[in-house]
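Reader: Please take a close look at the packing in this model. Keep it brisk, and give me the cut-offs as you go.

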Amino acid sequence: MYQHRVFGVALRMLGNAAEAQEAAQEAFLRAHRGLAEFRGDAKLSTWLYAITSRLCLKRLASGERRLVRQGEEALLRLADDGRRPDAVLERSELEAALHRAIAELPEGRRIVVVLRDLEGLTYEEIAQVLDLELGTVRSRLHRARADLKDKLERFLP
Amino acid sequence: MTCHDTRESLSAFLDAALAPDERREVEAHVDGCAECRRELERLQQTVALLHRVEPARAPVGFVDRVAAAARPLPWYRRAAAAVFLPLSVKLPVEATALVMVALLAVYVFERTPALQEAAREQAPRQEPGAQLADESRQFEPSVRRPAPTQSAPPARSTAPEPRSQDRRDPSTYRDDSRPPVPVPAPAAPVPAEPPPAAAPPPVAATPPPAAKPEAPSETTVGRGARPETESRQESVGRAADSVRAAPAAPRLAAKRAQPPADVIARVAVKDRDAAEHELTRLIARVGGTATQRRREDDTTVLEALIPQARYAEFSQGLAQIGTWQVEAERGDLPAQVRVILRLQ
């Protein structure tokens, strides 16, 4: 359950399954070691999102990332997906465009839109996870969505 | 509300994250502005696209890998934990160290006080040691002389020089494993030393003056009490006590020191050499062992250990060798009777 959410955030943020897996594993190990620090007033998921987000942002900022291997995500999905090839292609094109568009967002906006539109967190939760003001979350989210709207124009009806 | 302000709030409007009055303002503006209405639709469609993204799934085996990674800590962390971390480890280790230090201290304490005590008792016990020489003389009144005489030099020619000195220094008795008691004192070493410069050490020099004042009374007691066995035994006991107390300098040696003589006897013989020979055979016959033999100008001192069971046989045999007279005898003889015989 949580592992998919943590892995999902890492994957969207880092854009690479192998690196996302590393980051997700590290996030869980940190959570395991720091379980005593977990405050009961927060949701466990929020706490895990906070750890994962910090970890991913730190990785992105450190520049120690591996080169993103192009097409890896699409190949992973093709291998996993049992649907009809044309549907797969259609879907993978959209998803690739979405993924690329998300990946091209500045990191500060990207994490907000991932947490809101992909993971479904509330503004308040995002503010808590990222330790941001509510207004900052709101404006960053708007900027991110506006960017995505422009980039995904051709997929809009 | 301007179009710019409205568009800034459209995202939050979609998420129903606006305050009621702000929301009403946005609704009013959008109703009247086609551009902003279209912008809102596009934004809504974009969010809908984002919601179509299938949630990512962690690879198969991811949880197992995480669990495996969570269980064993890396070696460096385990080492760090062993060195720095839990009090439950550190405390017993420190407690053990403390106990070991305490045990060591007790061990040293056990050793050192013994030495200290012996050192403390050294000074007072030297006196009994000095008396011992006197007491020993009371068993041999015939040999006793007014201490420093000029007969010493000839005696020194036959008797080995260090022995006469040993007799004077009670601290050396144990090292020599000789009983100090019945040795005849033919020579007082202090004046007997040929060159005055080579006088014996101060320790050896002190006993004679200290013993002198007591000498007359001791001598009379010794002479008068000679036939009385009890008095002899008492004397032997006292001598024994003195011997036990005497060896102050070799304190540790004193602990393993031999017991004092149980029987001291004088044997009058015609031929000392022949008697000595016979006596050696007799000792061997009764299963005893000769431990010491010392020849002096007119006396041969022979010391032996005789099994108590065959002591009677030994004394019978002794009667055949010569006329023997007990000078001192312990009341209860031990299993190994320590006999000192003076052949004259």
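Author: Two residues are in contact when their C-beta atoms, placed from the backbone, lie within 7 Å. Start with chain B on that basis. Take its contacts with a separation of 6 or more: residues 24 or more positions apart account for 78% of them. In chain A, look at contacts between residues at least 6 apart in sequence. There, 65% join residues at least 24 apart.

The model is predicted, so local features need pLDDT of at least 70 and side-chain atom pairs pLDDT 80 or more, while totals for chains, interfaces and linings use all residues. Residues are numbered from 1 along each chain as its sequence is written, with chains lettered from A and ligands numbered from 1 in the order written.

Next, the layout. Helices (H or I, at least four residues) and strands (E, at least two) are DSSP runs, numbered from the N terminus. Chain A has eight helices and zero strands. Its pattern along the sequence is α-α-α-α-α-α-α-α. Chain B has 17 helices and five strands.

Now burial. A residue is buried with 20 or more other C-beta atoms (placed from the backbone) within 10 Å of its own, exposed with 12 or fewer, and partly exposed in between. Of the 157 residues of chain A, 36% are buried. For chain B, with 344 residues, the buried share is 31%.

The nonpolar cores come next. A nonpolar core is a set of buried Ala, Val, Leu, Ile, Met, Phe, Trp, Tyr and Cys residues joined through C-beta atoms within 7 Å. In soluble globular proteins, nonpolar side chains tend to be buried together. Here the largest core has 43 residues. Within this core, A10(A), A24(A) and A27(A) have the most contacts. Chain A gives two or more residues to the core from each of α1, α2, α3 (44-62), α5, α6, α7 and α8. Chain B does so through α3 (34-52).

Take A24(A) as a probe of that core. Leave aside its neighbours within four places in sequence. A24(A) then contacts Q3(A), V6(A), F7(A) and A10(A). T52(A) is another of its partners in chain A. In chain B, A24(A) touches A58(B). Both A24(A) and its partner A10(A) are on the list of residues with the most contacts inside the core.

A further core lies apart from this one and has 23 residues. Among them are V286(B), L302(B), I306(B) and L341(B).

Now the interface. There, 26 residues of chain A are in contact with 24 residues of chain B. On the chain A side, α1 (2-14), α2 (17-33) and α5 (85-103) each supply at least two residues. So do α6 (107-118) and α8 (134-151) of chain A. These five helices of chain A also appear among the elements that give two or more residues to the core of 43. The predictor gives the complex an ipTM of 0.82 and a pTM of 0.44.

Three loop residues deserve a look. Most residues other than glycine have a negative phi, and most peptide bonds are trans. D131(A) has a positive phi, near 55°. This residue sits in the loop between α7 and α8 of chain A. D131(A) is exposed because 9 other C-beta atoms lie within 10 Å. A16(B) also has a positive phi near 55°. Its place is the loop between α1 (3-14) and α2 of chain B. A16(B) counts as exposed, with 7 C-beta neighbours inside 10 Å. The third residue is D332(B), in the loop between β4 (323-329) and β5 (336-343) of chain B. D332(B) is exposed too, because it has 7 C-beta neighbours inside 10 Å. D262(B) is 70 residues away from D332(B) along the chain. Their C-alpha atoms are separated by 8.7 Å.

Last, how far to read all this. pLDDT is the predictor's confidence in each residue, from 0 to 100. Chain A averages 81, and 80% of its residues score at least 70. Over residues 66-72 of chain A, pLDDT stays under 50. The model has seven contacts beyond four places in sequence for that stretch. Chain B averages 68, with 55% of its residues at 70 or above. Among the elements of chain B, helix α2 (residues 20-32) has the highest mean pLDDT, 93. Helix α13 (residues 215-225) of chain B has the lowest, 42. Over residues 127-257 of chain B, pLDDT is below 50. That stretch has 192 contacts in the model beyond near neighbours in sequence. Where pLDDT is low, the predicted coordinates should not be read in detail.
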